[in-house]
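Student: Before we discuss the terms used for this model, may I see it?
Tutor: Please look at it here.

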Amino acid sequence: MTDLKFSFTELMQRKPALVSLVIILILVLGAVCAPLLAPHDPEYVELGRALLRPQTDYPLGTDHLGRCVFSRLLYGSRVSLGASSLVMICNISISLVIGILAGYKGGWIDEIFMRLGDIFLAFPNLVLTLVIVGMMGPGLQNILIAMVIAQWAWYARIIRGMVLSLRESNFVLAARVSGVPSFHILLHHILPNISSQVLILATLNVGWAILHISGFSFLGLGIQPPTPEWGVMLKDSRSYFWSDPLLMLFPGLMISSAVVSFNLLGDALKEIAGMKGNL
Amino acid sequence: MKEYLFQRLIGLPLVLVGVSFVSFALVQLVPVDPAEVYLRQAQVLPTEEAIELTRIELGLDRPLYQQFLSWLQGVIRFDFGRSFISRKPVLDEILYYFPATLQLTAAALVWILLISFPLGIFGALYRESLFDRISRIIAYTGASIPNFWLGFLLIYFFSYKLDLLPTMGRGSTAHVILPSLTLAMGTASVYIRLLRSSMLDNLEKDFTLYARARGIKEKWIIGRHVLKNALLPVITALGMSIGNLLAGSIIVENVFSWPGVGRYIVEAIFNRDYPVIQCYVLFMALLFLGINLLVDITYVAMDPRIRLGNKK
């Protein structure tokens with residue numbers, strides 16, 4: 001794990017990475033402290049105060065149901081960031097297990113998972129996710145399942161490739177020859193050596209997940225109103241686009257800044273790790 | 001690469017069967033009985049007796065593998081069943097909406113070339129210049145802006161503020177501009193970066209250095225050697241993006257009320273029109289597979305290093 005520590009100091013020297021890290025930190029802080037920071041209940045409807053312009057009481061105005069936009073954005077970051085982190089964790093851990101198993105064990109296990117992967121990779125990603133959600137019905141849990149089904153093959157394949165190249169390296173061979181059990185080799189030799197690459201994958205995956213989850217909510221297939229979520233807020237404000245374009249501005253800015261930050265951070269990590277091309 | 005292509009072709013039948021099975025099996029994910037949905041769509045009261053009869057009519061009473069085989073038999077004859085809603089053959093419906101999506105995708109490809117080529121190439125040639133910085137900012141924001149939001153931003157500025165372009169629907173050429181630009185932006189940003197790094201790679205290659213040492217004009221070096229080599233990976237990747245663009249049109253079509261397959265499929269999802277969804281998935285997967293295979297073949301055919309590599 002020493003290379004991670006090392007890269008952290010290097011990371012701090014890069015301006016874009018630093019800025020994106022700060023933005024992510026602010027967003028996470030906002031999400032965690034939402035109950036303290038939000039001036040209003042994000043789901044409290046007050047039709048008499050609908051579509052107000054930004055003012056001292058309502059820093060970013062109110063939506064069509066008189067709900068405070070600022071409070072909704074804050075609570076929305078809980079849902080958006082929380083859900084995408086959850087997607088990322090499920091995605092990466094499942095792919096990690098499959099990728100390591102297939103890459104290290106090889107043989108028929110590898111063959112089965114990779115042929116299965118071929119089948120899932122044959123579908124355009126968005127199409128598979130959309131259709132699975134469509135079949136199972138909207139909701140966070142279903143999105144989570146759909147995104148993992150649609151994505152595992154891709155990540156498992158990348159991780160398998162990393163493991164495969166390590167398997168033949170001298171230190172792993174030496175450990176195997178000296179009779180170190182497989183589990184120990186995986187845990188102490190393989191995993192630490194792919195950790196920084198997996199971290200990069202994970203960072204980029206969060207950005208991807210934020211985009212997709214909000215996209216599904218926007219289509220009405222994701223998180224359902226009245227739950228405050230950035231995609232839901234965009235969908236809600238769609239009908240008021242002509243009269244109150246500001247309503248669409250804020251959630252969009254939140255999504256974009258979150259995704260930009262995760263992408264910039266992922267790329268900076270990639271650069272530090274000295275990787276080229278598309279991971 | 002040739003071996004890879006050969007392996008791909010050998011694996012293809014298995015993938016095809018697998019892809020068909022996944023498309024078929026999706027209905028198993030449905031939390032309710034499709035027969036009941038079918039009856040409700042037909043506005044028939046779903047009594048137990050009626051549901052039982054419908055299950056037999058739709059073949060849902062048979063074991064799964066039998067259902068799959070009979071579905072597959074239909075698929076081979078291009079018979080995907082009928083839509084629960086319109087009662088028309090599903091494939092006809094999808095093919096009816098497909099040209100609009102294809103038009104959108106083709107226009108998006110044009111945008112991608114228009115945006116990524118100049119920005120990527122000149123960004124690499126004038127590295128760290130103001131132009132390069134701006135093009136990199138465009139690349140980053142383009143990849144991170146949700147396209148449903150970008151769509152509304154474009155409508156706001158070009159249709160509402162400037163009153164230049166229509167907001168939605170399909171018709172004249174002007175209608176295509178905004179939706180296709182929205183669709184293109186994400187992919188274009190990827191290519192700006194891909195092209196830039198591919199150019200930079202080739203600018204540092206030995207053959208470039210050698211050409212410079214021989215005193216060949218810089219323009220000639222860039223045009224004949226660097227650009228030619230830099231474009232190869234980009235063009236093949238571009239082919240693969242077509243499938244993703246076709247899929248990405250789902251959201252864009254919904255923003256701009258573009259009457260394509262993407263909008264149709266979201267409607268079908270809300271209507272629980274299962275045969276349509278099954279057919280759409282398989283259709284997209286086959287299209288995606290076909291395009292990717294074609295790209296691989298072109299890649300082998302275009303690059304002499306690969307084409308002739310195995311003839312030793």
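**Terms and values**

Tutor: In chain B, 36% of the 312 residues are buried, that is, have 20 or more other C-beta atoms, placed from the backbone, within 10 Å of their own. The model is predicted: local features need pLDDT of at least 70, side-chain atom pairs count only at pLDDT 80 or more, and totals for chains, interfaces and linings use all residues. Residues are numbered from 1 along each chain as its sequence is written, with chains lettered from A and ligands numbered from 1 in the order in which they are written.

Student: What makes H6(A) largely enclosed by the rest of the structure?
Tutor: Eleven of its twelve residues are buried, so the description holds. Among them are Asn125(A), Leu130(A) and Met135(A). Their cover includes helices H7 and H9 of chain A and helices H10, H11 and H12 of chain B.

Student: How do you know that the span of H6(A) agrees with its twelve residues?
Tutor: The expected span is 1.5 Å times one less than the number of residues. For H6(A) that gives 16 Å, and the end C-alpha atoms are 17 Å apart, which agrees. Gly137(A), with a positive phi near 100 degrees, follows this helix.

Student: What radius of gyration does chain B have, against that of a compact globule of 312 residues?
Tutor: The rule, 2.2 Å times the number of residues to the power 0.38, with the radius taken over C-alpha atoms, puts such a globule near 20 Å, but chain B has 24 Å. Its C-alpha trace spans about 85 × 60 × 30 Å along the principal axes.

Key. Helix = DSSP H or I, 4+ residues; strand = E, 2+ residues; numbered from the N terminus. Contact = placed C-beta atoms within 7 Å.
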